[in-house]
Amino acid sequence: MPRLGQGTWKMGERAGLWETEKQSIRRGIQDGMTLIDTAEMYGSGRSEQLIGEAIRGMDRNGLFLVSKVYPHNAGRRHMRESCEASLKRLGTEYLDLYLLHWRGGIPLRETVECMEELQAEGKIRRWGVSNFDREDMEELWRVRGGEKCAVNQVLYHLGSRGIEYDLLPWMRERGVIPMAYCPVAQGGSLRRGMLQNAAVQEIARAHQAAPMQVLLAFLLKQPDIVAIPKASLPEHTEENAAAALIRLSDDEWKALSDAFPAPDHKTALDML
Ligand SMILES: NC(=O)c1ccc[n+]([C@@H]2O[C@H](COP(=O)([O-])OP(=O)(O)OC[C@H]3O[C@@H](n4cnc5c(N)ncnc54)[C@H](OP(=O)(O)O)[C@@H]3O)[C@@H](O)[C@H]2O)c1
């Protein structure tokens with residue numbers, strides 16, 4: 001699985017941006033961000049359609065497509081239909097990874113059975129979850145086949161490090177890959193604070209990089225983290241892809257970590 005991919009939430013929603021966003025996805029693929037994350041929820045399928053158009057004619061084996069099923073569709077009644085609709089919009093025969101978007105009312109046992117069936121049929125290669133805290137993961141592990149979960153996609157960035165307390169160590173012990181969403185903190189005052197931080201700026205200068213790239217480099221320094229920044233603009237995508245080339249030293253990583261410390265106690269899982 002590529003370490004750095006492309007998020008696509010809110011993409012495909014504005015007709016005037018359609019072509020630019022298509023270019024952005026293509027640019028990202030050219031630059032090595034071949035993992036593309038989407039969901040049936042995003043733009044009610046328009047994100048998947050946009051990706052489908054962007055990747056048309058490309059070598060499917062060179063891509064890693066991730067989509068997510070709504071919790072209320074993650075059961076025997078609707079999951080196959082949901083998955084097939086995602087495949088159709090994306091114009092592909094299979095997903096590399098299919099995630100339960102967040103926990104809902106359908107029993108985990110039923111969701112796991114449906115995921116396993118889709119995998120056996122070749123419609124998905126692997127499956128995982130999203131927005132699961134440690135207790136949810138423990139519950140999943142008590143379900144038969146639950147330990148086949150490959151990925152937990154959670155909110156994680158320099159300014160939100162709650163998962164490091166107990167979720168991340170738990171996942172690491174069991175080989176569940178952490179996929180960081182909102183890796184550049186989406187926007188707003190929290191992100192502004194991070195970008196203006198002295199340690200972030202100094203490290204950016206030292207690497208002749210943009211502060212935004214330092215946020216990604218912080219995550220990628222940890223060898224198992226997959227990050228999926230979203231960028232509608234090709235120039236942002238290009239910048240994000242180049243962040244994969246930044247190698248932070250241990251001292252630089254520590255300086256960032258000290259500037260934005262992880263909590264030393266359990267906190268509620270951050271989510272959007
Ligand atoms: N599983 C879940 O529940 C869940 C929840 C949220 C997100 N996600 C996934 O994770 C992906 C990433 O999260 P996100 O989209 O919420 O937030 P994000 O990737 O942290 O931030 C996206 C924002 O940052 C801007 N940006 C990105 N790179 C930039 C750069 N180099 N320079 C300047 N601005 C830059 C984008 O601008 P432009 O778009 O204008 O280029 C956009 O406004 C989503 O797209 C989605 O695929 C999953």
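## Around Tyr42 and His101

In this predicted model, Tyr42 touches Thr8, Trp9, Glu13, Asp37, Ser47, Lys68 and His101, leaving out residues up to four places away in sequence. Tyr42 is the residue that UniProt lists, in an unreviewed entry, under "active site". Tyr42 sits in the loop between strand S2 (35-37) and helix H2. Is Tyr42 buried or exposed? Its relative accessible area is 7%, so Tyr42 is buried, the cut-off being under 20%.

One of those contacts, His101, has an annotation too: the unreviewed UniProt entry places a "binding site" there. His101 lies in the loop between strand S4 (95-100) and helix H4 (108-120). Which residues does His101 meet, once neighbours within four places in sequence are set aside? They are Ala39, Met41, Tyr42, Lys68, Val69, Pro71, Ser130 and Asn131. Lys68 is therefore a contact of Tyr42 as well as of His101, given that contact means heavy atoms within 4.5 Å.

Let's put the burial values side by side, with Val226 added.

| Residue | Location | Relative accessible area |
|---|---|---|
| Tyr42 | loop between S2 (35-37) and H2 | 7% |
| His101 | loop between S4 (95-100) and H4 (108-120) | 7% |
| Val226 | strand S8 (residues 226-227) | 3% |

Val226 counts as buried, like the others in the table. Not counting residues up to four places away in sequence, Val226 touches Met1, Pro2, Arg3, Leu35, Ile177, Pro178, Met179 and Ala180. Val226 and Pro183 are separated by 43 residues in sequence, while their C-alpha atoms are 9.5 Å apart in space.

### The wider setting

UniProt, again in an unreviewed entry, gives residues 3-257 as "domain: NADP-dependent oxidoreductase". Over this stretch the chain is 44% helix and 14% strand, and the end C-alpha atoms lie 20 Å apart.

Nonpolar side chains tend to be buried together in soluble globular proteins. Here the largest nonpolar core has 71 residues, and those with the most contacts inside it are Tyr98, Met137, Leu140 and Leu256. Which helix gives the most to this core? Helix H9 (residues 211-220) does, with eight residues. Met137, for its part, is in contact with Val129, Phe132, Cys149, Asn152, Leu167, Trp170 and Val176, leaving aside neighbours within four places in sequence. A second, separate core has 13 residues, including Leu35, Val66, Ala150 and Leu155. Leu35 also appeared above among the contacts of Val226.

### Two helix pairs

H2, which follows the loop holding Tyr42, spans residues 46-55 and packs against helix H1 (residues 18-30) at an angle of about 60 degrees, with the axes 9 Å apart. That angle falls outside the roughly parallel, antiparallel and perpendicular ranges, so H1 is oblique to H2. Their crossing is right-handed. On the H1 side, the contact is made by Trp18, Glu21, Lys22, Ile25, Arg26 and Ile29; H2 supplies Arg46, Gln49, Leu50, Ile51, Glu53, Ala54 and Ile55.

H9, met above in the largest core, pairs with helix H10 (residues 234-243): the axes come within 8 Å and cross at roughly 40 degrees. H9 is therefore oblique to H10, and this crossing is right-handed. From H9, Met212, Gln213, Leu216 and Leu220 meet Glu239, Asn240, Ala242 and Ala243 of H10.

Terms used:
Residues are numbered from 1 along each chain as its sequence is written. This is a predicted model: local features need pLDDT of at least 70, side-chain atom pairs count only at pLDDT 80 or more; totals for chains, interfaces and linings use all residues. Side-chain values use heavy atoms; hydrogens and water are left out. UniProt positions are given in the numbering used here, feature names are shortened, and annotations may be inferred rather than shown by experiment. Helices (H or I, at least four residues) and strands (E, at least two) are DSSP runs, numbered from the N terminus. A nonpolar core is a set of buried Ala, Val, Leu, Ile, Met, Phe, Trp, Tyr and Cys residues joined through side-chain atoms within 4.5 Å. Buried means under 20% relative accessible area, exposed over 50%, partly exposed in between (1.4 Å probe, protein chains only). Axes are lines fitted to C-alpha atoms, for helices over the stretch in contact, and angles run from 0 to 180 degrees between N-to-C directions. Angles under 35 degrees count as roughly parallel, over 145 as roughly antiparallel, 65 to 115 as roughly perpendicular and the rest as oblique. A crossing is left-handed if the near helix is turned anticlockwise from the far one by less than a right angle, and right-handed if clockwise.
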